[in-house]
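Here is a short report on how the parts of one structure meet. Have the sequence and the 3D view at hand while reading.

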Amino acid sequence: MSYIIENPRGTCVLGGVNNVLSAVTKVCPIYHSGPGCCMQTAAGESGQAGLRAPYYLSNVSMPSSNMLEREVVFGGEQKLRDEIDGALEIIDADAYFVLTGCTAGIIGDDIEAVTADYRNCGLPVYPITTPGFKGDSLLGYEIAFQAFTDFIVEIPNKREGNLVNLWGVIPYHDPYWAGALEEMTRILGKLGLRVNTFFTENQDIDVVRASGAAALNIIVSPYLLRKTAKNYEEKFGVPSLRFDGVPIGPTQTGEFVRGVAEALKLDDDLVNRVLWEESAYVYNYFETIIGAFSWKRFAVAADAGTAIGVTRFLADDFSLTPSAVVVTDQIWDESDKERITGRLTKLEYARPPKISFASDHYEIREELKKHDFSLLLGSSLEDEVARELDVQLQRVAYPISDVMVLNRSYAGFRGCLTLVEDLFSNL
Amino acid sequence: MATTYSGVRELRPYTYNDLGGDSMRLAGNFEKKCLKSADRTFSQGLQCQQINSISCVLSMSDSAFIIHSPQGCSGCVSGGADGYRVGQAHRGVKLIKSPRVIVTNLDENDIIRGGEAKLREAIRIAGERYDPKMIFIFTSCASGIIGDDVDAIAADAQTPDGPILIPIHCDGFRSKICASGFDAAFIAIKKYLLPKEPRKKSSGLVNLFAPTSISYKDQLEIERLLALFGATVNYIPFYSSYEKIQMITAAEASTSICKVFADEFMKELEESYGIPFAHTVMPIGIRNTDKWLLGIAALLGKEAPAREYIEKEHKRVQPKLDEIKGRLEGKRVFICGGTGRSFAAAALIDDFGMQLVGLETPTYDFDAQIDIEYLNGIHKNYVVDVANMQPFEQVNLVNHLKPDVFIGVPAWSARLGLPTTHVLDPKRPTMGYDGIVYLGEKIAEQVENAGFNRKLAPYARLPYKKSWYEQDAFKYIRDL
């Protein structure tokens, strides 16, 4: 199901699957698609996520069968076989995933059969059916994890009590993905945990393979990876703990730490010490800027997870006034909408903002124009409406195409300091 | 020829996309018409023609755009939109606008039942929201394969006073040459927008066709050059509009600043409206700028003043060029670029006495042959890789040829540790006589200071097996 949409925030399933694959070390995606899919997905995803490109294979360096009229008419399976042979010969990878574009999807090339021939010979070549018309890149993120559970993750011999999987941040889509995963890894590390993100610290397919031995999956998204969580529980015995988004600031990150500690029954003294140290780190900085920051009324236009993170931090920890929140990801489930609305409106101190859901750029713009605020937290797409309304814009969410983001993020304890730095304006 | 041109570049005679070898041998074989059609059995991704069609018209300010496709085919809009937004900033616009792009978002249901209803709805929405003069509709692989009759739907949805609906047929799978997408856009402009009766001739008006990768600085420089001969410029289609498109037919002459941009369209304009055109080269470097300028000056009957001006400009920039030449002479160069920029760069390096050892360019055809023969005269033999990027071949060749400098998209060769630079800069000056100085200084600075690449290289993670670097770069190119 899909609807007509102006300036969509995301590409197709193919783009979402590739975001995941291109962030795992030494994994090779092979596009079985029309000639432009590699560039469209790269420009639309990593190209609008703080300008970093996946280092190994990305954009026009991805193996691609570049299906033309000939393949559309006669089928492209032989072309795909040649393509896989070449990739195996020259690309140094531990796993090869064949992805389909619309073209292969419509004409019905059987990539399962083609890749099975390779696996039968002991070669790590796997199929992921991803024609763009199946859905958006968020669904693609889910499908990639589904493929990992189907083909890669092994049933563990023993449980590793201090190992956790940390998921829910989409690499090369969320502009702050790397910094956010690094900050959460740092905090969990202080609690004595080892963290699988699959995407940072050069983690590779072996890390994915062994992830079934983890003691807990931590998912920092209001709705992503439900099916994967269920699979991990049933196939590998790994329970999952969900947070509404990437935690920002002492309150949310405190909840994050306590939630994980409770699930894993971590030592209370250790947890309390870490929370005190980390919170003190933040407040010792905040103490030095008292009075430097003007009060502002703010609005947010972002995906649900980011919207919850920044709204709660700015309202409850930083005492700014929330005016309106437009949740921009395509959310189909009414109960998800209710839960997200609940999370955004039950604030500790601040009066609740007006919540709406819109993914169409025109609708987002028109909704924002109904409210009164002087600070807008959104994406590069909000630049136009911010100029029109003459308000300050801070880019916090995908798509970000005009600011470079390397390892910075607004996540956790340290990230909230970066957000405050960025929000200061002397104008 | 032009009236029946399909918009698919490889269907033109003697056009090759998959080819590699020594320049002398290729030129000889092309001359004898004994090059064979080939394909790569292993290849990396390409740019599809839809990307070019969209970028071609995306900065038309009084338009809305509909991409009739699943959501992913709007990915490259980000690049075009950035160009449009930066372009406005450079032109002093304060309230910078984004292009109005609506995606029909074809899903599984539409793939089975057809996307007509969504396309009609998108047309209605675009009209209601923005009241545009024109709505460009781009087809996609998906809409093409399922057979949506976009022309018929648009014709039926067209109202007398409503926005003009302009379908552009740019299904990605129909061409391997992304420049076909430019042709598809111009075919649609001709069909749906140009008046049957030409506008009254406007004295001195010249159509200047330029893709969006041309910077505002370059636009100003080109306009300044043409103003020297009393010409005014109708700059199409970047920052263009319905009215400017109508004025195409009032022009006295046409020219383009990219070899693969509007070349077929200019032939059409000559046939349909009697507007002569100059199709020469991209005005980068002394030789090309001279050639480009003389090409359009001849049409305007201004050859004598053009030659006079060129001589004056040569005198003005020569001391600068000599100084740059002192820094660059003898350096061995590998070039990779689109059709226009790759040959422009190859001509430019001659101004600085540099030596060409390798050239990657997307297409080999009659036009390319002219350039290859010219370059053969200067550089003797060098390696030609007819490829739109194909980084695996590039790193193999660069590693093998060991040039002193790489000119082109640096993403891959930079990681081999050699100096890299580029002649494409959509935000800064590269064209005309001042452009030569800017590029020369940029190249010299980047060649002398490759600290970034050299220090990065030991840590770089290119994806290829060591064994690949020992093999023939062209081993996957097989005759059809």
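## Where the chains meet

How many residues does the contact take from chain B and from chain A? It takes 57 residues from chain B and 61 residues from chain A. Keep in mind that this is a predicted model.

Seven elements of chain B can be located on the side that touches chain A. Helices α2, α3, α4 (108-113), α5 (116-130), α6 (141-146) and α16 (391-401) each supply at least two residues, and so does strand β4 (101-103). The most comes from α5(B), with five residues. By class, this side of chain B has 29 nonpolar, 16 polar and twelve charged residues.

## A strand pair across the chains

Strands also link the two chains. Strand β1 of chain A, residues 5-6, is joined to β4(B) by two bridges. The two strands run antiparallel. One residue pair can be picked out: Glu6(A) has Ile102(B) as its bridge partner in β4(B). Strand β4 of chain B also supplies at least two residues of the side that touches chain A.

## Inside chain B

The domain assignment splits chain B into domain 1 (49-192), domain 2 (205-304) and domain 3 (318-479). Take domains 1 and 2. Their C-alpha centres lie 25 Å apart in chain B. The contact between them takes 21 residues from domain 1 of chain B and 16 residues from domain 2 of chain B.

Which helices of domain 1 of chain B each supply at least two residues of the side that touches domain 2? They are α2 (49-57), α3 (77-90) and α8 (180-192) of chain B. Helix α8(B) gives the most, with five residues. The residues of this side of domain 1 of chain B divide into nine nonpolar, seven polar and five charged.

Two of these helices have a second role in the picture. Both α2 and α3 of chain B supply at least two residues of the side facing domain 2 of chain B, and each also supplies at least two of the side of chain B that touches chain A.

## Inside chain A

Chain A is assigned domain 1 (13-152), domain 2 (160-285) and domain 3 (290-423). Here, look at domains 1 and 3. Their C-alpha centres in chain A lie 34 Å apart.

Eight residues of domain 1 of chain A are in contact with ten residues of domain 3 of chain A. On the domain 1 side of chain A, the residues divide into three nonpolar, three polar and two charged.

Note on methods. Residues numbered from 1 in each chain as written. Chains lettered and ligands numbered in written order. Predicted model: local features only at pLDDT ≥ 70, side-chain atom pairs only at ≥ 80, totals over all residues. Domains from an automatic or database assignment. Contact = placed C-beta atoms within 7 Å. Helix = DSSP H or I, 4+ residues; strand = E, 2+ residues; numbered from the N terminus. Nonpolar A, V, L, I, M, F, W, Y, C, P; charged D, E, K, R; others polar. Pairing = 2+ DSSP bridges.
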